Amino acid sequence: MILAQQTMPLFDWSWVGRNLDTIWDRTLEHLRLTGFALVVGLALSIALAALALRKPRTYEPITAVTGIMYTIPSLAVFALARPWFGIGFVTAEIALVSYTLLILIRNIVAGINGVPPGVREAALGMGYRDGERLRRIEFPLALPVIVAGLRIATVTVIGLVTVTSLLGLGGLGFFILDGIRRSVIFPTGIIVGVVLSVALAAILDLVLLAVGRILTPWTRRGAV
Amino acid sequence: MAKDVMIRLVDVTKQFPGAADLAVDGLSLEVGRGQFVTLVGPSGCGKTTTLKMINRIIEPTSGSILIDGRNSLASPAHELRRSIGYVIQQIGLFPHRTIAQNIATVPMLLGWEQPRIDGRVAELADTVGLEDEMLARYPAELSGGQQQRVGVARALAADPPILLADEPFGAVDPIVRTRLQQEFRDLQERLGKTVVFVTHDVDEAIFLGDRMAILNVGGILEQFDTPENILANPGSEFVESFLGGERGLKRLGLLPVTGAELKWGPFVDVSASPTVARATLEEHDVDWLGLLDGTRLLGWVDGSSLDGRSLVDHEPRPFLVTLSSDSSLRTALDAVVTGHARVAVVVDDGVYRGMLDLESIAEEITE
């Protein structure tokens with residue numbers, strides 16, 4: 001019989017005040033894990049998308065494999081990767097990167113394939129070589145679709161990074177995990193972890209939206 | 001002769017992979033330097049395929065293509081294309097580049113210095129009739145007609161001797177289309193480019209081409225000649241049916257009014273005496289009299305109103321139908337018929353050249 005149940009306040013501002021440094025460090029950790037996954041994911045996706053565009057027959061196997069990777073739960077990935085990479089950064093990033101591939105590859109390929117045939121034909125007729133045409137005509141025109149994919153991937157990865165704290169990698173998931181694991185649930189930690197990771201996702205999403213718009217000024221100037 | 005041939009197709013055949021029939025069947029064709037040749041025919045006649053083989057967007061299965069005496073395979077495809085202007089129906093402007101950057105495409109690829117590019121862009125904007133303030137805009141901010149002008153300017157940017165056009169005016173509305181056709185024709189005459197122009201519109205082909213190549217399904221060349229000759233003597237039943245009705249009228253559309261014999265008609269100088277005036281009326285057996293002041297046309301007066309007064313005292317009335325000497329006979333006929341006028345007078349800058357009546361037009365038709 002519990003006579004005096006020890007209750008925690010729903011939100012303890014003083015805890016936040018005492019732990020500002022830690023919160024900041026965890027946020028930076030979160031960003032690092034996210035950023036690394038996105039950079040590696042984007043690089044791999046560009047390479048695989050380029051392959052799929054050059055050899056259309058490879059597109060289906062590529063999306064099939066990355067599609068399977070997308071559906072494997074992150075915990076399962078940790079379990080699968082652990083025998084080779086142990087518990088830590090590499091295993092976490094394998095899980096994170098594997099979630100970005102399908103979204104990014106599909107959007108890059110859709111973006112490039114969405115370039116109007118007339119534009120492609122004109123570029124060909126003007127004397128662009130294949131590589132130049134891809135870089136200077138097709139890629140810029142595909143940017144809105146690619147950026148849209150990058151935004152989805154970013155938001156997805158930020159959410160998943162909270163799970164990687166299970167591997168002891170910190171990030172904002174640390175507070176959530178810590179809040180749940182205490183003998184008495186500590187809501188302040190959970191709220192800080194959740195709110196900040198949601199805020200981070202929202203901010204990065206807006207940043208990418210803004211960057212995308214700056215890079216594609218022509219999309220906002222309509223017909224006369 | 002060989003020196004004057006700009007594009008020579010020798011027994012060119014194209015069969016697309018997996019296709020049972022040939023797209024182009026043993027086509028041989030010569031396009032002279034500075035000539036405007038239209039390729040026309042129904043869908044599936046291989047006209048676009050033929051055009052795209054010239055700049056190697058499509059490679060022929062067999063046969064050869066000589067550009068200015070050189071085999072088109074002699075240099076890499078992208079280099080060949082930079083020396084050939086290309087205009088297409090979808091226009092294909094680069095949406096992410098300003099109008100100026102679009103026009104500068106080929107000069108940029110050729111590595112021109114920026115000042116030279118800027119100068120060329122300004123010059124071309126002027127050539128095709130684009131206002132300067134449009135140069136900083138994006139393609140989406142221009143109308144279809146303006147976009148097509150940019151397409152033409154872009155094709156001309158590096159001053160290529162050859163211009164290929166694939167139904168460039170197919171998507172613009174009919175009024176703008178007529179104007180663009182006229183401008184394109186004028187431009188070609190002014191710049192002396194060799195043009196190969198694909199269209200499915202036989203009237204466009206007739207209007208634009210020095211010569212027209214009529215192709216039949218399967219890439220078979222039915223006839224290759226001047227529009228006048230083809231209209232006068234269609235080489236096959238296919239050509240005849242493809243030209244459609246009103247062949248005589250279409251031919252009239254190609255002949256200038258000055259090609260018919262202009263009559264002087266009952267015209268006298270305003271200083272002529274009343275006696276001369278009456279004599280002229282009787283001589284021509286008409287009831288109206290045209291008045292001139294020297295070489296300038298003043299108008300006409302009703303024969304019955306002629307009394308003893310001097311001609312200067314009559315108020316001349318304007319002619320219903322006046323044409324300039326570069327109008328076509330078809331325009332003259334149309335004007336006479338729709339204007340319910342008996343004659344059309346030909347006037348250049350106020351100077352009287354002569355007149356046409358239905359009889360003189362009819363003579364041209366039956367010729």
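Which residue of E2(B) does Val12(B) stand opposite? The legends below take up this question and others, one view at a time. Keep in mind throughout that this is a predicted model.

**View 1. Strand E1 of chain B has strands E2 and E4 as partners.**
Let us begin with the opening question: Val12(B) stands opposite Leu27(B), a residue of E2(B). The two strands, E1 (residues 5–14) and E2 (residues 24–32) of chain B, pair in the antiparallel sense over 6 bridges. E1(B) is also joined by 5 bridges to strand E4 (residues 62–67) of chain B, and this pair runs antiparallel. To find your place there, look for Ile7(B), whose bridge partner in E4(B) is Ile67(B). As general background, strands of a sheet pair through backbone hydrogen bonds, either parallel or antiparallel.

**View 2. An open sheet of 6 strands lies in chain B.**
Follow the strands across the sheet in the order E6-E7-E8-E3-E9-E10, and you will meet mixed pairing. Strand E6 (84–88) and strand E10 (220–225) of chain B each have a single partner strand, so they stand at the edges with one side left without a neighbour in the sheet. From one strand to the next, the twist averages 15°. At the E10(B) edge, 5 bridges connect E10(B) with strand E9 (residues 211–216) of chain B, and the two run antiparallel. A handy landmark here is Met212(B), which stands opposite Asp225(B) in E10(B).

**View 3. Helix H6 of chain B is mostly covered.**
This helix takes in residues 144–156, 13 residues in total, and reaches 19 Å from its first C-alpha to its last, close to the 18 Å expected at 1.5 Å a residue. How many of the residues of H6(B) are buried? The count is 11 of its 13 residues, among them Gln146(B), Arg149(B), Val152(B) and Leu156(B). What covers the buried residues includes strands E6 and E7 (162–166) of chain B, along with helices H3 (99–103), H4 (105–109), H5 (114–128) and H7 (174–191) of chain B.

**View 4. Helices H7 and H9 pack together in chain A.**
Now turn to chain A, where H7 (residues 130–164) and H9 (residues 187–215) meet at an angle of about 165°, with their axes 9 Å apart. H7(A) and H9(A) are therefore roughly antiparallel to each other. The crossing in which H7(A) passes H9(A) is right-handed. From H7(A), the residues making the contact include Leu143(A), Val147(A), Leu150(A) and Gly159(A); from H9(A), they include Gly193(A), Leu200(A), Leu204(A) and Gly212(A).

Terms used. Residues are numbered from 1 along each chain as its sequence is written. Chains are lettered from A and ligands numbered from 1 in the order in which they are written. This is a predicted model: local features need pLDDT of at least 70, side-chain atom pairs count only at pLDDT 80 or more; totals for chains, interfaces and linings use all residues. Two strands pair if DSSP finds at least two bridges between them. Helices (H or I, at least four residues) and strands (E, at least two) are DSSP runs, numbered from the N terminus. Axes are lines fitted to C-alpha atoms, for helices over the stretch in contact, and angles run from 0 to 180 degrees between N-to-C directions. The expected span of a helix is 1.5 Å times one less than its number of residues. A residue is buried if 20 or more other C-beta atoms lie within 10 Å of its own, exposed if 12 or fewer, and partly exposed in between; C-beta atoms are placed from the backbone. Two residues are in contact if their C-beta atoms, placed from the backbone, lie within 7 Å. Angles under 35 degrees count as roughly parallel, over 145 as roughly antiparallel, 65 to 115 as roughly perpendicular and the rest as oblique. A crossing is left-handed if the near helix is turned anticlockwise from the far one by less than a right angle, and right-handed if clockwise.
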